[in-house]
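User: I should like a close look at a single part of this chain. Please take the hairpin as the subject, and then set it in the context of the remaining structure.

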Amino acid sequence: MAYQSVKSLRRKILKTFEELTDKQARDTALEKAAACFETWRHTTFAGRAAVAAKAAAIMRARTDEFAAR
């Protein structure tokens, strides 16, 4: 069974997703986590801090927008 992302005001379908089995979901999550680890393990602490600071600044600047979703 597929599920859909729908824009609530207009009921416009944004995207349709096929359902994953538990094994597919677990395998996908593990693959993405492993890939992320490989990237981040070579990133300096300062580099990671810069990314986190930028994400925090974006969230602070767009608090109302994110709260409405």
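Analyst: The account below begins with the chain as a whole, turns to the hairpin, and then follows the chain through its helices.

The model is a predicted one. Its chain holds 3 helices and 2 strands, and along the sequence these elements follow the pattern β-β-α-α-α. The radius of gyration is 17 Å, well over the 11 Å that the globule rule gives for 69 residues, so the chain is more spread out than a compact globule. The C-alpha trace spans about 45 × 35 × 15 Å along its principal axes. Of the 69 residues, 1% count as buried. The exposed area of the chain is about 6500 Å², of which carbon and sulfur atoms supply 60%.

The hairpin is formed by β1 and β2, with 4 residues between the two strands. Strand β1 covers residues 2–7, while β2 covers residues 12–18. The two strands pair in the antiparallel sense, and the pairing extends over 6 bridges. As a general point, side chains in a regular strand alternate between the two faces of the sheet.

Lysine 7 gives a useful view of the pairing. This residue is found in strand β1, and its bridge partner in β2 is lysine 12. When residues up to four places away in sequence are set aside, lysine 7 touches Lys12 and Leu14. The bridge partner of lysine 7 is thus also among its contacts. Lysine 7 counts as partly exposed because its relative accessibility is 44%, a value between the 20% limit for buried and the 50% limit for exposed. Towards the helical part of the chain, the C-alpha atoms of lysine 7 and cysteine 36 are separated by 30 Å, with their positions 29 residues apart along the chain.

Arginine 11 belongs to the loop between β1 and β2. Its phi is near 60°, a positive value in a residue other than glycine. With a relative accessibility of 63%, arginine 11 counts as exposed, because the cut-off for that class is over 50%. The turn of the hairpin therefore carries an exposed residue at arginine 11, whereas lysine 7 in β1 is partly exposed.

Beyond the hairpin, glutamate 19 lies in the loop between β2 and α1. Leaving out residues up to four places away in sequence, glutamate 19 touches Met1, Ala2 and Gln24. Of these contacts, Ala2 falls within the range of β1, residues 2–7, and Gln24 falls within that of helix α1, residues 22–40. Glutamate 19 and methionine 59 are 40 residues apart in sequence, and their C-alpha atoms are 30 Å apart in space.

The helical part can be followed through its charged pairs. In general, side chains of opposite charge can pair when their charged atoms come close. The count here comes to 3 salt bridges. One of them joins the side chains of aspartate 27 and lysine 23, at 2.7 Å from N to O. These two residues are 4 residues apart in helix α1, and so are separated by about one helical turn. Aspartate 27 is partly exposed, with a relative accessible area of 28%.

Another salt bridge links the side chains of arginine 41 and glutamate 38, at 3.3 Å from N to O. Both partners are partly exposed: arginine 41 has a relative accessible area of 45%, and glutamate 38 has one of 38%. Arginine 62 forms a salt bridge with glutamate 65, and the closest N and O atoms of this pair are 2.9 Å apart. Here arginine 62 counts as partly exposed at 35% relative accessibility, and glutamate 65 is partly exposed with a relative accessible area of 32%.

The later part of the chain also carries a nonpolar surface patch of about 260 Å², made by Ile58, Met59 and Phe66. Isoleucine 58 lies in helix α2, which covers residues 45–61. At 35% relative accessibility, isoleucine 58 counts as partly exposed, and its value is therefore above the 30% that a member of such a patch must exceed. Methionine 59, a further member of the patch, is the residue whose C-alpha atom lies 30 Å from that of glutamate 19 in the loop after β2.

How values were computed. Residues numbered from 1 in each chain as written. Predicted model: local features only at pLDDT ≥ 70, side-chain atom pairs only at ≥ 80, totals over all residues. Heavy atoms only, no water. Patch = residues over 30% accessible without salt bridge, like charges linked within 9 Å, V, L, I, M, F, W, Y side chains within 5 Å. Areas by Shrake-Rupley, 256 points an atom, 1.4 Å probe, with all protein chains shown as cover. Salt bridge = Lys/Arg side-chain N within 4 Å of Asp/Glu carboxyl O. Buried < 20%, exposed > 50% of the residue type's maximum accessible area, 1.4 Å probe, protein only. Contact = heavy atoms within 4.5 Å. Pairing = 2+ DSSP bridges. Rg over C-alpha atoms; globule rule 2.2 N^0.38 Å.
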